[in-house]
There are 2 protein chains.
Amino acid sequence: MAGLAQAPSRAVVLVGFMGAGKSTVAAELAEALGVAPLDSDRLLEQRLGHSIAEEFTLHGEAAFRAEEERLACELLAGAGPGAVIALGGGSVLSERVREALAPHLVVFLDIDAERAWERVRASSPDSPGAAERPLASDRQAFTALHAERGRLYEQVADAYYPPLDRGSAGGTLGALRALSMAPPGTRLLWASAASGDYPVLIGRGLLSAWGAGELGEAWPGQVPTSRRFCVSDENVAGLYSDRLARQAASVAIAPGEEHKTLASAETVWRALVSAGITRADQLVALGGGVVGDLAGFCAATYQRGMPVVQVPTSLVAQVDSAYGGKTGVDLPEAKNYVGAYHQPAAVIVDPDALATLPKAELAAGWAEVLKTALIAGGALWDRVARGDEVDERMILACARTKLGVVAADERDAGLRQVLNLGHTVGHAIETASGYSRYRHGEAVGLGLLATLRLSDNNGLRAQVRELLLERGLPVTMAGAPVEAIIEALERDKKRLGASVPFVLLSAPGSARIGCEVPLTGVRAAVAELQG
Amino acid sequence: MAGLAQAPSRAVVLVGFMGAGKSTVAAELAEALGVAPLDSDRLLEQRLGHSIAEEFTLHGEAAFRAEEERLACELLAGAGPGAVIALGGGSVLSERVREALAPHLVVFLDIDAERAWERVRASSPDSPGAAERPLASDRQAFTALHAERGRLYEQVADAYYPPLDRGSAGGTLGALRALSMAPPGTRLLWASAASGDYPVLIGRGLLSAWGAGELGEAWPGQVPTSRRFCVSDENVAGLYSDRLARQAASVAIAPGEEHKTLASAETVWRALVSAGITRADQLVALGGGVVGDLAGFCAATYQRGMPVVQVPTSLVAQVDSAYGGKTGVDLPEAKNYVGAYHQPAAVIVDPDALATLPKAELAAGWAEVLKTALIAGGALWDRVARGDEVDERMILACARTKLGVVAADERDAGLRQVLNLGHTVGHAIETASGYSRYRHGEAVGLGLLATLRLSDNNGLRAQVRELLLERGLPVTMAGAPVEAIIEALERDKKRLGASVPFVLLSAPGSARIGCEVPLTGVRAAVAELQG
């Protein structure tokens, strides 16, 4: 590596469950910064003069926690920019520790209970094995502890990392530095996909802060001489494009799904040529789902691929379409038929942008929040079910859900199909009604109702129906063209092959892909939407 | 793995230099076929009762070679379909062994001298180290031996493999089976790139054999239910499209570079939709460079990516553009500005197709042969320099040269720029003359002359000039628009960034990328083309 990385303006503190890789990530970050990492568990063992397991045996967990709290608070009080601290998995149980974390950049290394269990049971030269982990002897207790601690980690986290490949933590420092310069309350998600990793920043006021310059230049791999070219639509450009100070040029297409076409893509490509943009520059997709898909596709193909930063301004885009790298345009005959997988270089999410969104647009976008909450279950579903308003925390939770799915399956080979919950029927409704009668989100809402009927989950269907009504979203289709919808479904199914049928849902958080459903059932579920 | 692979209809025999991985590849192929591999070196040591190194010491190399020949001939005489034999590196020195190889499928594991040296000097548990290799003590002798043996391996080879990743040899069995079913004289190149590997078959009569069915179905990963959709141009379609028996549908675009446009791409995409093609099907690009680029791009983007089989029918395409995965279309302002990297699923090259090519087209294509020979040097350059006609061996040599470069650098980050030899000036000539005055190959020929002047290699320039004249290719541009060409060069250089300047050539086989050249020199070299 050529020289050391520039340090974030706050100390970096790693938290997370046992097995998440805190020591390894701390070592890699520290190495990139040219400092020594501070590992609270190891420091504590030095201070005690014996292992943590022995301390549990000799004096019990409570005595250990007191020592752990004292040491953690000392470390945190003394830490400044450039420091890297790995905190013992249980440290966050202490309210004093949680308070002491506030001035620092807290990175939550998120690992699911199953993978954590596998890791701690397989001891390695770098990390203590199960024998050294007093809390890793019983699988059920381990899983319960994982869930309980997870809530505390989320509470203190500024950044959320998935399990990283060995040697890749140093590459996240640019994003951490950007986070340390972002408006207060901004959160970082590190997104991981087979074709590459990228940072997602979510925070109010981020659009102006990022647009103004310094923050945008902190990304890893960002070439200082690269220029920004902004693609937007006419509505969004009027509202926000002046926030992107450093842009070389821009183009605004006509708003609406009917303009997600090859003709619009050609307008963008030719504007890129006119402005002399090269693949060393950066395309900024500023707008909703249509702009993100279109500009992402143009970036994927201009000079055989240039970086794109997604800056979603609609709710659909902020909770769903800006993540995961699916880009494309529509053909007259078929939606999204020309496109590419092209992961963004970064995603910049400013929830304040939602304030200018038309009410009907916001409601339609909320249908994707509902879909995501049904897939995720847990705390996100609880908030959605009790009617909470969309805020940055809810956007963050939706983004984490989607990114978790994409990390496991970037190219739609299996798990990613779970994201189609409600969309199979939803798309058919859109197609059968010529894409003009319903917004995408409205069709998805109707699709969710049909899917829950097919899932034989009438209680949840009634609850979802109420939630849709509360947002002013349609729950019936007067004069629904049932046969046309069934035909569109059949065509879609043929396209996808017989092996990609419905996503069903037995309960929030328990979606199942690849479910075969008899056509008569589908027809009944669609007919029921006629009200 | 689900079951065993179907065996090629001939025994597979691996030849290659020490360190090429013959034993490993043999073991992997044999495992996939459910047989035991036969390793001639190990069998010989068993027969001798001591190691080969000891045999050298005790009885000398001549005695060893006699034993080696006897054993190799025995093994080869007894081998039938399903057998996998790894032959000692020096076995091919024997003419009797070379003759005994004829009925078998001979796979040459090609490794460069440097990598081979590194491997044999680093002993590993699987392969004997330097101490066990009597011929690997002196670096210079090793390199000379590598060159000498290389000619023999090439002489006997039916298939050419680059160094394979561990565990990937089994994946080549489908291609070997296809090769065993192909017309006599067909050769297989295994192409390797960061984004994936694929087979290249080169042989006379291959188009009909592949088109007819069984051969085309032998590919690894080929789904029996997948359908073929053929993209061609109106000239080529008339000549050859009836050879592709199993095709579901086809579309032919108007011929010529001026039709490598988004409008043509849209024609193809919509024809794919009309025919109900899905990403589980296969697109066949049947034609020259324009069809390959255009159809490859359509395949890269249809439903976010479907497989494409390149079936090049022009000389430019057979020696150059069908390999390496660069696809795209032109914008009115700029050539190849919209595209993608998309490696083919296979390349099927039938040199007989060149018979129908117009003479001027063939000559222009030959300029790419000349360029490739200048990059490669060695035997290919010798043949081109003495005026040999293009045949399947020359096409094979060009393909090997290009694939070797792409394997090291798929996405143009460095080495791949070597392929631009003569193209920097060539493109500028095309642009400055509105793409109408010269064929691409003609402009490349002129570009090579300018490049050799810049390389200060006047002897080679004179030789290349004679070669171009012999093929009826232009060596001067009457009234060349020197300033317009310089302007186009400057624009191109700006696009590529200051760090991607000329490829120069000190001698055949010795191209250097990234050479800075003063503008006055470029102007003089271009002005000289005025004659």
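Is B:Asp110 buried, partly exposed or exposed? B:Asp110 is partly exposed, at a relative accessible area of 28%; buried means under 20%, exposed over 50% and partly exposed in between (1.4 Å probe, protein chains only).

This is a predicted model, in which local features need pLDDT of at least 70, side-chain atom pairs count only at pLDDT 80 or more, and totals for chains, interfaces and linings use all residues. Residues are numbered from 1 along each chain as its sequence is written, chains are lettered from A and ligands numbered from 1 in the order in which they are written, and side-chain values use heavy atoms, with hydrogens and water left out.

A turn of 179 degrees with a shift of 0.1 Å along the axis lays chain A on chain B at an RMSD of 0.1 Å (least squares on the C-alpha atoms of residues with pLDDT of at least 70 in both). This is the relation of a two-fold axis.

Over all chains there are 56 salt bridges, each a side-chain nitrogen of Lys or Arg within 4 Å of a carboxyl oxygen of Asp or Glu. Three of them are tabulated here.

| Salt bridge | Closest N and O atoms |
|---|---|
| A:Glu430 and A:Lys335 | 4.0 Å |
| B:Asp110 and B:Arg400 | 2.7 Å |
| B:Lys402 and B:Asp320 | 3.4 Å |

A:Glu430 is buried at 4% relative accessibility, and A:Lys335 is buried at 17%. Both belong to a salt-bridge network that also includes A:Glu257, A:Lys260, A:Asp293 and A:Asp330. In chain B, B:Arg400 is partly exposed, with a relative accessible area of 21%, whereas B:Lys402 and B:Asp320 are both buried.
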